[in-house]
Amino acid sequence: MTRVIIYSGKGGTGKTTISAATATLLAESGRRTLVISSDPAHSLADAIGMPISRERVTPIMPRLYGLEIDTIFEWRRNLSGFQQFIANTYSNRGVDRSTAAELANQPGLDEILALQRVMDEAQSGRWDAIVLDTAPTGNTLRLLAYPELIIGGDAGKKFFRVYRGLANVARPFRRDLPDDRFFDEVGELLSRMERLANFLLSSDISIRLVLNPEKLPLLETRRAYTFLNLYGLMLDAVMVNKILPQRADLGPYFDYWVQLQQGYLKEINESFAPTPIFHTVLQEGEPIGTTMLSAIGKATFGTCDAGALLYDDRPIWLEQWNQDNEPGLYDLCLRLPFVEDEAVTIDRNGPDIVLAIGRVQRTIALPRILYDCSLDGHRYEDGVLRLAFREQPLDQADLAKPSSDTMHVEAA
């Protein structure tokens, strides 16, 4: 697998600059590197200081290439039949054709197509490393969650097969049903979503959150941290950008902001340790061009290899322990350090757990060893949410039915 580094964060924090600086360092270290922008408001070309194609990779410097993903191009390449059916459906209901064509671009699928392109490039064997510069945090988190949400599990795939069968039977009597091309493309999309979900959990892929030492970016980064851990995605670094230098010649106006930032830097270190935290001081000139980007990368990472997996603790794991005269006891652990004041809802549905924290919800497929275990509650310890499971005696486990156990609890 190609090493893939995904940069995410609140808008305006400098993700593009950090992404481009990282990619420049990797290329200079001898790795064939592709830097990709999936942000619809592309600024990668501006940071590099040269035009970058939205369809084909563009050479930037030795071993460094760039791509600004064009979702319209990706739509035509992957889902033209799907798009045509949706546009025709709107048009047949009286919607102007130009408007119908715009409405056919379904919300969220542009993020999926962008991630698909990243997966294709990573699996092509052409690259040693890929650096992805994403849209602001909200869109990025939606992009990363979509593969699991759209698949809908086995139920979603079964529903699609049933719907296709019904459409084939009814098509001679109705002219507005989708054709085989539509179903082939959607079926391939569902298949690719399943591969994407596994791709994102690869040990060669990690996410780095970019923020500025300010209150709002810190709060959003904490939420993003919770989301990424909830979905089992690897976070290997936190990047603090636009730090004001501590210099006496800046004057009293900047003294206030420097002190304010120092307070937030301390809070950031306390919030995300032991995850590695890297600092980027605000430069005197605009960070444009590979020479400037290389200098920023070296100042940020120092002697650390920017392409290495910098932290590899998994956010979800299983622990087993035993007590005297007790059946097997297990803890399904999720590293969620910022939810102590949040309401937690846990629903057990056969082999799955539906976990809702605030407005974020995720269905977690249980390890097979927990299928016949009962859910015995939860506890919150040192930033880790622990779901307790108890192994049933053999005679009860054989008779157990996949019932639904529901708990509504408040985090301790």
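**Fold, sheet and core organisation of the predicted model**

Among contacts in the protein between residues at least 6 apart in sequence, 70% join residues at least 24 apart. The model analysed here is predicted. Its secondary structure comes to 13 helices and 16 strands. Of the 412 residues in the protein, 48% are buried.

Eight strands form an open sheet with mixed pairing, in the order β3-β4-β2-β5-β1-β6-β7-β8. The edges are occupied by β3 (58-61) and β8 (277-281); each has a single partner strand, so one side of each is left without a neighbour in the sheet. From one strand to the next, the twist averages 25°. Within this sheet, strand β1 (residues 3-9) pairs with strand β5 (residues 129-133) in the parallel sense, over five bridges. R3 has A129 in β5 as its bridge partner.

Two helices were examined against the sheet. Helix α10 (residues 215-230) packs on the sheet and touches β6 (205-211) and β7 (235-243). The direction of α10 makes about 165° with that of β6. Helix α11 (residues 252-272) lies across β6, β7 and β8, and runs at about 180° to β7. Strand β8, which α11 lies across, is also one of the edge strands of the sheet.

In soluble globular proteins, nonpolar side chains tend to be buried together. In the present model, the largest nonpolar core has 60 residues. Those with the most contacts inside this core are V4, I36, F199, I353, L355, L387 and F389. For L387, the residues touched, not counting those up to four places away in sequence, are Y330, D331, L332, L334, I346, I353, L375, G377 and H378. One of these, I353, is also listed among the residues with the most contacts inside the core. A second core, separate from the largest, has 27 residues, including A27, I60, V131 and F278. By residue number, I60 falls in the edge strand β3 and F278 in the edge strand β8, while V131 falls in β5.

The structure holds two cavities of 30 Å³ or more. The largest contains about 70 Å³ of space. Its lining consists of Y225, N229, L233, L235, T275, Y311, D313, P315 and R335. By residue number, Y225 and N229 belong to helix α10, and L235 to strand β7.

Definitions and conventions
Residues are numbered from 1 along each chain as its sequence is written. This is a predicted model: local features need pLDDT of at least 70, side-chain atom pairs count only at pLDDT 80 or more; totals for chains, interfaces and linings use all residues. Side-chain values use heavy atoms; hydrogens and water are left out. A nonpolar core is a set of buried Ala, Val, Leu, Ile, Met, Phe, Trp, Tyr and Cys residues joined through side-chain atoms within 4.5 Å. Buried means under 20% relative accessible area, exposed over 50%, partly exposed in between (1.4 Å probe, protein chains only). Contact means heavy atoms within 4.5 Å. Two strands pair if DSSP finds at least two bridges between them. Helices (H or I, at least four residues) and strands (E, at least two) are DSSP runs, numbered from the N terminus. Axes are lines fitted to C-alpha atoms, for helices over the stretch in contact, and angles run from 0 to 180 degrees between N-to-C directions. On a 1 Å grid over the protein atoms alone, a cavity is a set of points where a 1.4 Å probe fits but cannot get out, and a pocket is an open set with protein on both sides within 12 Å along at least five of seven lines; lining residues have an atom within 4 Å of a point. Grid points are joined across faces, edges and corners, and a volume is the space filled by probe spheres set on the points.
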